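Me: I would like to go through a structure feature by feature. For each one, please give the general idea and then the case at hand.

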Amino acid sequence: MTNQVSNEWTLAIKGMTCASCAGRVEKALLNVSGVVTAEINLALETAQVSGIGKVTTQQLVDAVVAAGYQAQSLSAEHDSTEHLTESYRQNQWWPSALAAILSLPLVIAMIVQWLGWQGQLSGWLQWALATPVQFWLGWRFYKAGWHALKAGAGNMDLLVAIGTSAAYGLSVYLLFSPSHGAGAHHLYFESSTIVITLVLFGKWLEGRAKSQTTEAIRALNTLRSEFATVVKNGQPEQVSIALVKVGDLVLVKPGERIAVDGTVQSGDSQVDESLITGESLPVSKKVGDKVTGGAMNGEGLLTITTNAVGAETVLARIVRLVESAQAKKAPIQRLVDKVSTVFVPVVLVIAALTLIVWGLFNGNWEAAIINAVTVLVIACPCALGLATPTAIMVGTGVAAQHGILIKDAEALELAHAIKTVAFDKTGTLTEGHPKLINMQSTTKEVSAQDTEQLLMLAATLQAGSEHPLAKAVTNAANAKGLQLQIVQDLQALAGRGVVGEVGGQKFYFGSTRLMNDLKVNLSSFKEDALALEQKGYSISWLAQTRALENFAPKLLGLFAFGDAIKATANKAIADLEQLGIITVLISGDNQGSASRVASQLGISQFYAQVLPDEKASIVTQLKQDGLVAMVGDGLNDAPALAVADVGIAMSSGTDVAMYTSGITLMRGDPALVAHAIDISKRTYQKIRQNLFWAFIYNVVGIPLAAMGMLSPVLAGAAMALSSVSVISNALLLKLWRPIK
């Protein structure tokens, strides 16, 4: 059976006004043959679609258009806020302002009548003022409502169109009725016009507020440079960033923004990376250091060798991940989606029952129509569809500004309920730059250079590894100027070490567990190794295979490594304890080293000498007591990161760890773990508050409207206020600051 190609698309959707609209667009996309998933974000006005087979972009666009909406494809490098900005431009202020001007005389007349004064407008003048509001300024509701009706569904626009048309139609009937006439006191033109005005005004405010929820993305996009100064034939030349290639030399002047990801070839400076990593202090950069496109250069002149451009830069990846997180649905949103799909039909039934009950049992068909209109108006589910995505957008945006990259909405929602945080040790709680502290040889018959020979062999085996201990060995060998040899048949033994052939002989370099598996005799260094481990040093061994295969490999030497605990590690553990979260240390290192780090940081529960698959098993066990987050930075942490309810990776670690995790910390600072959980708690709190407000308007308002205790005017005001209050509440997340 042939493998089918999987594709993903991002579409900008125009015309969605409520949760029911989003549900209909999702249903239309899922009905396209080959589409596997479709996630609609009402706040971002986007659709994230994945599919297999020969699905085309045009098929997806056609499906959306058939459902009554407009769609266009967004490219991978497209700024997801551009179409929102354009949408906001189209959603101008003047329609609501003009509607307010035309409605104002009707409102004044209504207030005058309430006060018992005489001053009601002529019925014909009321009709003249209300008609352009109803059919010109309110035409958008008829258009969108008609598309929804053709698709066999309902939405906010349909409710507004039916409700205001009923009030307008009743007024026209009364105006032309012989028993009432143009001077009648019971016309309801003000109800229809004010409802349309309030809805238009609410949508305008909503558009403005939604534009603020994407500020984080816009701020990141402003860091992208349009031009770069490339050194060609020894001469600087300013070119478009699109023309810069990997390997080009880019000159960055003092005070300029760095245009590409690269490595400093010459010069030194202080670089401000605050908008990328959240680190407020400038970082010193010298020859050999890596720099990130979007950072601001200080007072020094830098020449950079380009490592990545365009969509492959760190900044571009961050933008894509934040956009993806904002577009994804949180688990709680699925419940909202289910409610919204049946909401509008239920409201229509309630409105019909209100009309029938008031008309038949009370005999007052005017009151029946007005009460049914009020039910339709107050029930618009705008706030319901905006409650979750707006909170997620603001939460992920403010987190990104503080160096916390939340890659999916599920991680953001789950993180608030974490009970246990499991930490890897090396590179996570420690600096991850261990140094070779001690080296001893067991071979007595070789010359005085035996330790250098051991170091050369170990460095030869570890030359291609990114593991911190491997780098410590190779750095020590480079410092002594040792010439490394060629290694053949090199194999990595997951979580234990490496094996390879050097000079025709097979050597093993790795942990005590590897030596025990190989049945290597370690007795000659038992006491020394124990003493070093008790001091917190990590131990590795070098062994050589004997000529006779039935003999265990021969021990050649011992290597001891030391790694400093990160300055912020104590604060990280203290902050988590303040949040009521249990901390656990899971390390592949020896008992003594793990014990020392756990003791110094106040972590009571720790596991040592753990293999990658065993890390995943331990995390699975911890999950029995509640949600677990795993924090790591290495390839060996990937299984545990994947198994954990929330994986949190350090950006200073491997790409595999970052791809496996739901949250990436843009600085190698473990204190950001507590900050990530805190912003998750605040965001989830906002989601719950928003859903409460979205539901409470309807739960309280619909019965009151059905009982005749609300007017259409108040219903329209409440409906508009519900959407604005939900978005405004979400925007309060922008005030969040990390735990001090």
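**Reading the features**

Reply: Start with a pair inside one helix: aspartate 678 and arginine 682 both lie in helix α25 (residues 672-706), four residues apart, which is about one turn of the helix. Keep in mind that the model is predicted.

Me: Why does a spacing of four residues matter in a helix?

Reply: An α-helix has 3.6 residues a turn, so residues three or four places apart point the same way. Here the side chains of aspartate 678 and arginine 682 meet in a salt bridge, at 3.7 Å from N to O.

Me: Are aspartate 678 and arginine 682 buried or partly exposed?

Reply: Buried means under 20% relative accessible area, and partly exposed runs from there to 50%. Aspartate 678 has 6% relative accessibility, so it counts as buried. Arginine 682 has 39% and therefore counts as partly exposed.

Me: Which residues of helix α20 can be read in this way?

Reply: Lysine 571 and aspartate 575 both lie in helix α20 (residues 569-578), four residues apart, or about one turn. Their side chains form a salt bridge with an N to O distance of 2.6 Å. Lysine 571, at 33% relative accessibility, counts as partly exposed. Aspartate 575, at 5%, counts as buried.

Me: How many salt bridges does a search of the whole structure find, and which residue pairs with aspartate 424?

Reply: The general idea is that side chains of opposite charge can pair when their charged atoms come close. The search of the whole structure gives seven salt bridges. One of them joins aspartate 424 to lysine 615, with the closest N and O atoms 3.0 Å apart. Aspartate 424 sits in the loop between β15 and β16 (435-441) and lysine 615 in helix α22 (residues 612-622), so this pair ties together parts that are 191 residues apart in sequence. Both aspartate 424 and lysine 615 are buried.

Me: Next, sheets. What is the strand order in the seven-stranded open sheet?

Reply: Strands of a sheet pair through backbone hydrogen bonds, either parallel or antiparallel. In this sheet the order is β14-β26-β25-β24-β15-β22-β23, and the pairing is mixed. At the edges are β14 (404-406) and β23 (605-607), each of which pairs on one side only. From one strand to the next, the twist averages 20 degrees.

Me: How many bridges join β15 to β24, and in which sense do the two strands run?

Reply: Strand β15 (residues 418-423) and strand β24 (residues 627-632) run parallel and are joined by five bridges. Alanine 422 has methionine 630 of β24 as its bridge partner.

Me: What is the order of the six-stranded open sheet?

Reply: It reads β6-β5-β7-β13-β8-β11, with antiparallel pairing. Its edge strands, each pairing on one side only, are β6 (235-240) and β11 (290-291). β11 pairs with strand β8 (residues 261-266) in the antiparallel sense over two bridges. Within that pairing, threonine 263 has lysine 290 of β11 as its bridge partner.

Me: Which side chains of strand β9 point to one face, and which to the other?

Reply: In a regular strand the side chains alternate between the two faces of the sheet. Strand β9 (residues 269-272) follows this alternation: Ser269 and Val271 point to one face and are buried, whereas Gln270 and Asp272 point to the other and are not buried.

Me: Which strands pair with β9?

Reply: Strand β10 (residues 283-285) pairs with β9 in the antiparallel sense over three bridges, and serine 269 has lysine 285 of β10 as its bridge partner. Strand β12 (residues 296-297) also pairs with β9 in the antiparallel sense, over two bridges. There, valine 271 is partnered by asparagine 297 of β12.

Me: How far does helix α16 reach, and how many of its residues are buried?

Reply: Helix α16 (residues 450-462) has 13 residues and reaches 18 Å from first to last C-alpha, close to the 18 Å expected at 1.5 Å a residue. Of the 13 residues, 10 are buried, so α16 is largely enclosed by the rest of the structure. Among those buried are Asp450, Leu454, Met456 and Gln462.

Me: Last, the surface. Which residues form the nonpolar patch?

Reply: Val349, Leu353, Ile356, Val357, Leu360, Phe361 and Trp365 form it, with about 750 Å² of accessible area together. Helix α12 (residues 331-362) gives the most to the patch, with six residues. Leucine 353 is in that helix, α12.

Methods: Residues numbered from 1 in each chain as written. Predicted model: local features only at pLDDT ≥ 70, side-chain atom pairs only at ≥ 80, totals over all residues. Heavy atoms only, no water. Patch = residues over 30% accessible without salt bridge, like charges linked within 9 Å, V, L, I, M, F, W, Y side chains within 5 Å. Areas by Shrake-Rupley, 256 points an atom, 1.4 Å probe, with all protein chains shown as cover. Salt bridge = Lys/Arg side-chain N within 4 Å of Asp/Glu carboxyl O. Expected span 1.5 Å × (residues − 1). Buried < 20%, exposed > 50% of the residue type's maximum accessible area, 1.4 Å probe, protein only. Pairing = 2+ DSSP bridges. Axes fitted to C-alpha atoms, helices over the stretch in contact; angles between N-to-C directions.
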